[in-house]
Amino acid sequence: MIVAIMQPYLFPYLGYFGLLHSSDLFILLDDVQFIRRGWINRNRIQLGDEAFSFTVPVTKAPRETPINRIEVSPEHFPGFAEKFAKQLKSGYAAAPYYEAVTALVNRTLAEPHGTIATLAERSIREVLGYVGLERDIRRASDLAADASGTDLKGGQRLIHIAKALGATHYNNPPGGRDLYDPEDFAAEGLSLRFVQPDLRPYDRPAPFIPGLSVLDALMYIPPTDVAGMIAHYSVEP
């Protein structure tokens, strides 16, 4: 069984979905420290010829607060949602799938919110449903105590979770090459592999900017074709 583990990101880029697609079981690491100015509550779309960052407002909390305890700001969220709708219209109103993707975004943002972990997870599941992909997704915070390994850090926790879940392979984004030693995983019976996304350009009226939120691709490409793009990656040792 192949396991991959990542923090929940809001409408993440295609490479995130490639990692998810490459796994049999995907764990949302929602019980680790929230990374401010990271990709958990923010991402990028394209306005004109430029990348534009959008950020879901969250309430202030101590620095060590985990992702699943960071609340979406009830005070500032309505203003964000209204502004984001206008930004999407400004950037994508002429895109062929604007109406369908706007409906997806509205479904994601319309539910009761609570934590940013819940909202980010909803965004991921909405995209998967829209493009017709199914994967087993679970939260780290929902794992049994003997599987969660919350007393461990870094690679040791990833190994612990994967092993406890019965994995034979652990897939990681390519940035993990400098962080994790394959021998540490092999010592526990796990094969560490890296999923390299193929972020090839797709047809759009403005210059292509790689690494944008999946929303950009969804605006211009049929859902089944986006599913094919998500599946276009290489798995390397």
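Let's start with the largest pocket of this predicted model: 29 residues line the largest pocket, and those nearest its centre are Ile-5, Met-6, Gln-7, Tyr-9 and Tyr-180. Its volume comes to about 700 Å³. Nonpolar residues number 19 in the lining of this pocket, next to seven polar and three charged ones. Several elements contribute to the lining of the largest pocket, and each one in the table below supplies at least two residues.

| Element supplying at least two lining residues | Residues |
|---|---|
| β1 | 2–6 |
| α1 | 14–21 |
| α6 | 154–164 |
| β6 | 169–172 |
| β7 | 191–197 |

Now for the sheet. Six strands make up an open sheet with mixed pairing, and their order is β5-β2-β1-β6-β7-β8. At the edges stand β5 (136–139) and β8 (233–236); each has a single partner strand, so one side of each has no neighbour in the sheet. On average, neighbouring strands of this sheet are turned by 30° against each other, direction ignored.

Strand β1 therefore links the two parts of this picture, as β1 supplies at least two residues of the pocket lining and also sits between β2 and β6 in the strand order. Strands β1 and β2 (residues 25–28) run parallel and are joined by four bridges. Within that pairing, Ala-4 has Phe-26 of β2 as its bridge partner.

A helix also packs here: α4, covering residues 116–131, lies across β2 and β5. Relative to β5, helix α4 runs at about 175°.

Key. Residues are numbered from 1 along each chain as its sequence is written. This is a predicted model: local features need pLDDT of at least 70, side-chain atom pairs count only at pLDDT 80 or more; totals for chains, interfaces and linings use all residues. Side-chain values use heavy atoms; hydrogens and water are left out. Two strands pair if DSSP finds at least two bridges between them. Axes are lines fitted to C-alpha atoms, for helices over the stretch in contact, and angles run from 0 to 180 degrees between N-to-C directions. Contact means heavy atoms within 4.5 Å. On a 1 Å grid over the protein atoms alone, a cavity is a set of points where a 1.4 Å probe fits but cannot get out, and a pocket is an open set with protein on both sides within 12 Å along at least five of seven lines; lining residues have an atom within 4 Å of a point. Grid points are joined across faces, edges and corners, and a volume is the space filled by probe spheres set on the points. Ala, Val, Leu, Ile, Met, Phe, Trp, Tyr, Cys and Pro count as nonpolar, Asp, Glu, Lys and Arg as charged, and the others, Gly among them, as polar.
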